[in-house]
Amino acid sequence: MRRASSSIIRSRYKSRHLAPVNVTRAFLSSSSSSSSRDNSRKKSSSVRSVSAGLPDWIEHWSRDVFRKVGYGLALSVPAVEALIGNHVITIGVASTTAVYWMVGLNDIKQTNQTIRRNFPVLGNMRYLLEMIRPEIRQYFVEGDNEAVPYSRAQRTIVYERSKGLECTMPFGTRRDATAVGFEWVNHSLYPTKIGEQRVIIGQHNEATTQPYSASLLNISAMSYGALSDRAILALSSGAKLGNFYHNTGEGSMSRFHKEGGGDLVWNIGTGYFGCGVFKKDGSRVFDPNLFAENAQDAKMIEIKLSQGAKPGHGGLLPREKITKEIADARNLPWPVLHDCVSPARHSAFSNPYELCEFINTLRTLSKGKPIGMKLCMGHPEEFAALVRAFVETGDAPDFITIDGTEGGTGAAPPEFSNSIGMPLSFGLSYAHAMLVGAGLRDPVDKSQSKVTLIGSGKVCSGFSMYKTFALGADVCNAARSFLFSLGCIQALKCNTNTCPTGITTQNRDLGWGLDPASKQVRVANFHRETVKACVEIMEASGINSWGEIRPHHVGIRVSQGQVKTYEEVFEHMKVSKGELLEGKGPQNLLDLYNNK
């Protein structure tokens with residue numbers, strides 16, 4: 001009873017009054033602060049701040065301490081020999097001492113890193129830990145659903161499917177279904193059964209006499225030069241096995257693309273590699289004859305206006321990375337004397353109407369093959385101007401690839417990768433809505449559209465494909481997902497030429513480890529199983545074709561207690577075919593189309 005009463009009294013005291021003051025501590029603090037003012041110079045030289053951010057034993061390390069420890073190690077060498085008499089141990093101690101002095105004196109002498117100068121030998125631990133931090137995070141710290149940029153859960157799906165392993169999940173979802181941003185597919189009570197799905201690109205354009213039957217999932221643009229020759233060969237061979245296309249990237253079609261035998265989409269960038277020649281001032285310009293000669297090896301041609309990872313930025317391949325094979329593919333002189341530079345903009349056209357003319361020229365020179373373009377959405381009004389030009393000239397592209405800012409690249413300035421360009425969801429939905437309003441796409445049955453839309457941006461599963469289709473796409477492209485199928489471990493060394501898996505490097509020793517014969521099977525396996533998963537979701541939705549996937553099929557939690565469909569989130573998609581031509585439709589789209 002007494003214990004209960006005393007505890008109640010203490011709790012009431014704490015709730016009504018401040019904590020009791022330690023008079024002795026207050027007195028000592030006051031007196032010490034008074035004396036410290038008299039001896040501030042002495043104190044400042046001997047007292048260190050505990051909040052400096054380093055453990056005390058590291059703070060006490062200095063150049064003087066380094067020397068004292070070094071002298072002690074030096075004196076220990078004869079002592080060990082005298083006391084133990086083992087030459088091996090003595091040599092070990094002597095070697096350790098020599099390395100200690102060599103590292104420490106080098107740390108003191110160098111001027112680039114202050115930590116090493118102030119804390120010789122010991123300071124190197126900081127840089128060692130910093131160097132292995134990505135590996136420590138990936139293997140021991142990272143959660144399964146942390147996307148940096150791909151989560152372990154996403155990578156695991158690709159690894160299992162590419163290896164032909166069973167890709168199932170026990171015990172239910174690991175995702176938080178109540179979290180804001182949670183997405184799902186609205187299924188039907190009456191599932192369907194559908195067969196193989198293909199998209200015919202160019203079938204509704206009279207000038208396109210060689211339309212192409214595309215898979216729902218294909219390999220996105222990655223250049224030879226950014227990837228190794230063995231990686232290119234494995235991807236192209238896998239595309240042949242799986243009957244889907246392989247986009248060459250702006251580095252043009254190399255002999256490794258052709259040896260693989262896969263269907264190729266020739267990506268033409270601002271450097272006009274494989275279809276350009278040098279002018280006297282060193283710039284490259286489009287060459288119609290060279291284009292016509294090489295176009296016969298491609299199924300489709302894609303004009304690259306920009307890419308998601310670095311929109312509005314050119315490219316550069318360092319001279320030291322350019323091999324004879326890369327020079328041949330890009331039509332560069334050998335030996336190469338300069339870096340290979342891609343400007344930020346094209347020289348063959350400068351406005352929407354000239355671009356339409358260029359599209360028509362390429363279609364004629366390629367003898368009726370599908371011609372398209374690739375871009376990351378920036379100013380929506382500029383895309384609206386493009387669509388107006390398509391309508392007015394009648395020279396619309398057969399396909400448009402919309403790349404999201406979340407897309408990948410071998411190397412880009414962080415500001416461009418992190419902060420420039422629209423995400424795929426907004427860019428793709430805007431493009432689809434604008435083309436629908438201009439009468440170039442059919443929102444009810446997308447297979448009847450004149451212009452095919454291709455979505456590219458972190459596509460790695462059947463659900464991510466389905467979401468992309470719901471936003472307006474007909475076809476999906478994936479880049480990094482296919483690199484995972486080759487064995488990429490997300491080491492994030494793409495820009496160092498030291499990729500440990502031999503994928504993004506021109507180092508022959510590292511590239512040797514990648515076996516195209518086995519990796520091509522994994523590429524085809526991943527493609528087959530991922531497309532199968534997407535088709536199964538379509539069947540669960542109660543639809544009969546990819547062309548019937550609509551925005552209302554996907555739901556998303558926008559706040560606690562409120563969920564919406566994509567159709568409600570992206571209101572600009574509420575547009576009917578040809579409405580913008582009649583001065584109708586969502587006001588924001590109408591203002592963009594009319595350039596207001």
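Student: Which residues in H17 do Phe383, Ala384 and Val387 in H15 meet?

Tutor: This is a predicted model, in which local features need pLDDT of at least 70 and side-chain atom pairs count only at pLDDT 80 or more, while totals for chains, interfaces and linings use all residues. Residues are numbered from 1 along each chain as its sequence is written, and side-chain values use heavy atoms, with hydrogens and water left out. Helices (H or I, at least four residues) and strands (E, at least two) are DSSP runs numbered from the N terminus, and contact means heavy atoms within 4.5 Å. In H17, the residues that meet Phe383, Ala384 and Val387 of H15 are Ala431, Met434 and Leu435.

Student: At roughly what angle do the axes of H15 and H17 cross?

Tutor: Axes are lines fitted to C-alpha atoms, for helices over the stretch in contact, with angles from 0 to 180 degrees between N-to-C directions. H15 and H17 make a right-handed crossing (the near helix is turned clockwise from the far one by less than a right angle; anticlockwise would be left-handed). Their axes come within 10 Å and cross at roughly 30°.

Student: Which helix gives the largest share of the largest nonpolar core?

Tutor: A nonpolar core is a set of buried Ala, Val, Leu, Ile, Met, Phe, Trp, Tyr and Cys residues joined through side-chain atoms within 4.5 Å; buried means under 20% relative accessible area, exposed over 50%, and partly exposed in between (1.4 Å probe, protein chains only). The largest core has 119 residues, and Phe383, Ile400 and Met538 have the most contacts inside it. The largest share, eight residues, comes from H17.

Student: Which residues of H21 make the contact with H18?

Tutor: The axes of H18 (residues 462-470) and H21 (residues 516-541) come within 8 Å and cross at roughly 60°. The two helices are therefore oblique to each other (under 35 degrees is roughly parallel, over 145 roughly antiparallel, 65 to 115 roughly perpendicular, and the rest oblique). H18 contributes Gly462, Phe463, Met465, Tyr466 and Phe469, and H21 contributes Thr530, Val531, Ala533, Cys534, Ile537, Met538 and Ser541.

Student: Is Phe463 buried or partly exposed?

Tutor: Phe463 lies in H18 and, leaving aside neighbours within four places in sequence, is in contact with Glu183, Trp184, Val185 and Ile537. Because its relative accessible area is 22%, Phe463 is partly exposed.

Student: How far apart in space, C-alpha to C-alpha, are Ile454 and Thr401?

Tutor: Ile454 lies in strand S14 and, at 0% relative accessibility, counts as buried. Beyond residues up to four places away in sequence, Ile454 touches several residues, including Phe399, Ile400 and Thr401. Ile454 and Thr401 are 53 residues apart in sequence, yet their C-alpha separation in space is 4.4 Å.

Student: Where is Leu492, which has a positive phi although it is not a glycine?

Tutor: Phi of Leu492 is about 60°, and at 55% relative accessibility Leu492 counts as exposed. Its place is in the loop between H19 (480-486) and H20 (508-512).

Student: Which peptide bond is cis, with omega near 0°?

Tutor: The bond leads into Pro335, which is found in the loop between H13 (324-330) and S11 (340-342). The cis peptide bond runs from Trp334 to Pro335.
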